[in-house]
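Reader: Hi! I've just opened this one and would love a friendly walk through it. Can we take it piece by piece?

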Amino acid sequence: MILMNLKNVSMGYGGPLLLENVNLQIEQGERISLIGRNGEGKSTLIKILMGQVSPDHGSVGISHGIRRACLSQEVPEEIRGSVFDVVASGYGDAAITLSEFYRISQLMSRNEDPSLFRKLEGFQQTLDETDGWKMEQKVNKVITRLTLEPNAVFDHLSAGLKRRVLLAKALVSDPDLLLLDEPTNHLDIRAIEYLEEYLASYSGTLLFVTHDRMFLKKLANRIIEMDRGSLFNWKCNYDTFLKRKESDLASEEKQNATFDKKLEKEEKWIRQGVKARRTRNEGRVSALEKMRELRKQRRNQIGSVRLQAQEAEKSGKLVIEAEQITFQWDGIDIVRDFSTTILRGDKVGIIGPNGVGKTTLLKILLGEIPPTHGTLRLGTRIHVAYFDQLRARLDEDKTVQDNICNGNDMITVNQKPRHVIGYLQDFLFTPAQARSPVRTLSGGERNRLLLASLFAKESNVLVMDEPTNDLDMETLELLEDLLLNYSGTLLLISHDRTFLNNVVTSTLVFEEMGKVTEYVGGYDDWISQRPAGTPLEKQVPQTKKSMQMKNTAKKLSYNEQRELNSFPGKIEALEKEQGMLYAAMSDPKFYQREGTEILSIKERLGALERMLEEVYARWEHLESKS
């Protein structure tokens, strides 16, 4: 069944068209990965598919009754309410009924007005008739899996957390066509693997844009490539696509070279003048004019980013030595009894859930934050260059070039002066962009600017905090090559599993509260080395175990059916307690309490989360048997 059909669609915003007479057919059950360089128009195509913008030319057809949901890169400014309300709004009118039910329930706790009771009964009847309670269970389930706080105010969240809330909203609505634009940005590994598991069992049609190559490889069964205004269909996996694409580009380059050689020959002939005016040569002149037009219309492939790190003098052999480091905040261990030795040339990855303290550990190792206990020794001749995931090192109001050289026209690169415009062109910034303020740049362009700023400085220690967000895959691979050839030391925080596998030589992993364990190798090496039953194993969804549960489907016994019926009440009680604890922690005076009380509350939150994980896992198991 065809869900959507684009015919001869063109779209542009001045300059070369982003889409030029393209055709696209999306069929039921497909998992399509939309790939292409930054700026090719992937987000624009998603907006066309969602009906948010209309193309300049062509038609967009959609099957009757098709439900669509989308996670975009931009966060709409008009969204208000709690996290629960925003996520539940994916259900439409049923969510409004549920919100009103809870609002009136709270009013009744302070007011015994009989009219409120009648309203409550009416909403309860509606929820019973529309299966509204199941909606509530699903909302809570997705919120828990994406580690969101249901009572938090959406407007007060960071941009990254807001996108996670909007991702949850898209997931709960169970659309026929789900469109995701960079869904793994700002998610930790635990949440990414949950999302992979969810989408692997998703029965609808999926179209997604991602820079996460492991995510792409696990989910996509079709690849649509955007390149110079055209769409190319690849019915294969990502590895096969890379091989075929390389062959196609080589063939295209050969054809262009042959064409250009012939054009050069004809241009030489026409310059002879008199021969061209003979009647029998008029056809040759006409053919030359057509060749000129074809050459004019040719859209050459956008150049690659040229990455080159400026390396300072070598540091001493020892870069960082930490012995029994403990760092506490209000009596709580963020890092506990941690020791490591980092030598020149080591490439160290740091892995852990969001908010666990990865950036804090980086700052401790760099000597920016003193440890509460233990000793830290830094080596000699250390020159640090820092890539900040929050882009805080970019001045929004300054121009792109001023962020690089602060008002100067020249920049020194590897002891040689270069004009800043030429240097920025290495990172695919046009002269006009170089003179524009940073606030006009997209997420991918900001990341490239941060890389340009980073590599404009001499260093022998690179510190990179989530450098891969918003970068296209070609730039990612170029960055990997640069880091592999970098002779200095690398400290890297990343949730990009392929990037970690390809770059780092060891990993520091937050496996439980305060405990950091060191492993040799990257992400896959950590997975194979970690002991069975470690606390982190409970944090990462076990896809194989879930599949084994589904494969052992049987009819429910009487006791199992009773257990299944009891889950909504259990989950409600656990989440109610969880909500009360989160509300207590959101009070500004919370951290003025005794350290033992704070620790006790955080430990209880951890226990509640584990209990909810177990209840949900058991629920899924019994539902698969029913």
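Reader: Which residues in helix 6 are buried?

Author: In helix 6, the buried ones are Gly160, Lys162, Arg163, Arg164, Val165, Leu166, Leu167, Ala168, Ala170, Leu171 and Val172. One thing to keep in mind as we go: this is a predicted model.

Reader: Thanks! How many of the helix's 14 residues is that?

Author: It comes to 11 of the 14, so helix 6 is mostly covered, going by the cut-off of under 20% relative accessible area for buried.

Reader: And how far does helix 6 reach?

Author: Helix 6 covers residues 159-172 and spans 20 Å from its first C-alpha to its last, close to the 20 Å expected at 1.5 Å a residue. Just after helix 6 comes Asp174, with a positive phi of about 45°.

Reader: Let's switch to sheets. In what order do the strands of the 3-stranded one run?

Author: The order is 2-1-4, in an open sheet with antiparallel pairing. Strand 2 (19-27) and strand 4 (57-62) are at the edges; each has a single partner strand, so one side of each lacks a neighbour in the sheet. On average, neighbouring strands here are turned by 5° against each other, direction ignored.

Reader: How many bridges join strand 1 to strand 2?

Author: There are 6 bridges between strand 1 (residues 2-11) and strand 2, and the two run antiparallel. As an example to find on screen, Met11 stands opposite Leu19 in strand 2.

Reader: What does helix 1 lie across?

Author: Helix 1 (residues 42-50) lies across strand 1, strand 2 and strand 4, and it runs at about 125° to strand 1.

Reader: What about the sheet with 6 strands, is its pairing parallel, antiparallel or mixed?

Author: It's mixed, in an open sheet ordered 15-19-20-13-21-22. Strand 15 (384-387) and strand 22 (515-520) are the edge strands, each pairing on one side only. Neighbouring strands in this sheet are turned by 15° against each other on average, direction ignored. Inside it, strand 13 (residues 347-351) pairs with strand 21 (residues 506-512) in the parallel sense, over 4 bridges. Ile350 has Leu508 in strand 21 as its bridge partner.

Reader: Now the aromatics! How many pairs does the structure hold?

Author: It holds 6 aromatic pairs. One of them is Tyr194 with Tyr198, a tilted pair at 6.2 Å centre to centre, with 55° between the planes.

Reader: Where do Tyr194 and Tyr198 lie?

Author: Both are in helix 7 (residues 189-200), 4 residues apart, which is about one turn of the helix. An α-helix has 3.6 residues a turn, so residues three or four places apart point the same way. Tyr194 and Tyr198 are both buried, too. Elsewhere, Trp234, Tyr238 and Phe241 form one aromatic cluster.

Reader: Nice. Which ring does the charged end of Arg530 sit over?

Author: The ring of Trp526, at 5.0 Å from its centre. Likewise, Arg448 lies over the face of Phe429, 5.2 Å from the ring centre.

Reader: Last stop: what does Glu563 touch?

Author: Leaving out residues up to four places away in sequence, Glu563 touches Arg618 and Leu622. Glu563 lies in helix 21 (residues 558-585). Its relative accessible area is 24%, so Glu563 counts as partly exposed. Trp619 is 56 residues from Glu563 in sequence, yet their C-alpha atoms are 8.7 Å apart in space.

Terms used. Residues are numbered from 1 along each chain as its sequence is written. This is a predicted model: local features need pLDDT of at least 70, side-chain atom pairs count only at pLDDT 80 or more; totals for chains, interfaces and linings use all residues. Side-chain values use heavy atoms; hydrogens and water are left out. Buried means under 20% relative accessible area, exposed over 50%, partly exposed in between (1.4 Å probe, protein chains only). Contact means heavy atoms within 4.5 Å. The expected span of a helix is 1.5 Å times one less than its number of residues. Two strands pair if DSSP finds at least two bridges between them. Axes are lines fitted to C-alpha atoms, for helices over the stretch in contact, and angles run from 0 to 180 degrees between N-to-C directions. Rings of Phe, Tyr and Trp (its six-membered ring) pair if their centres lie within 6.5 Å; planes under 30 degrees apart count as stacked, over 60 as edge-to-face and the rest as tilted. A charge sits over a ring if NZ of Lys or CZ of Arg is within 6 Å of the ring centre and within 35 degrees of the ring normal.
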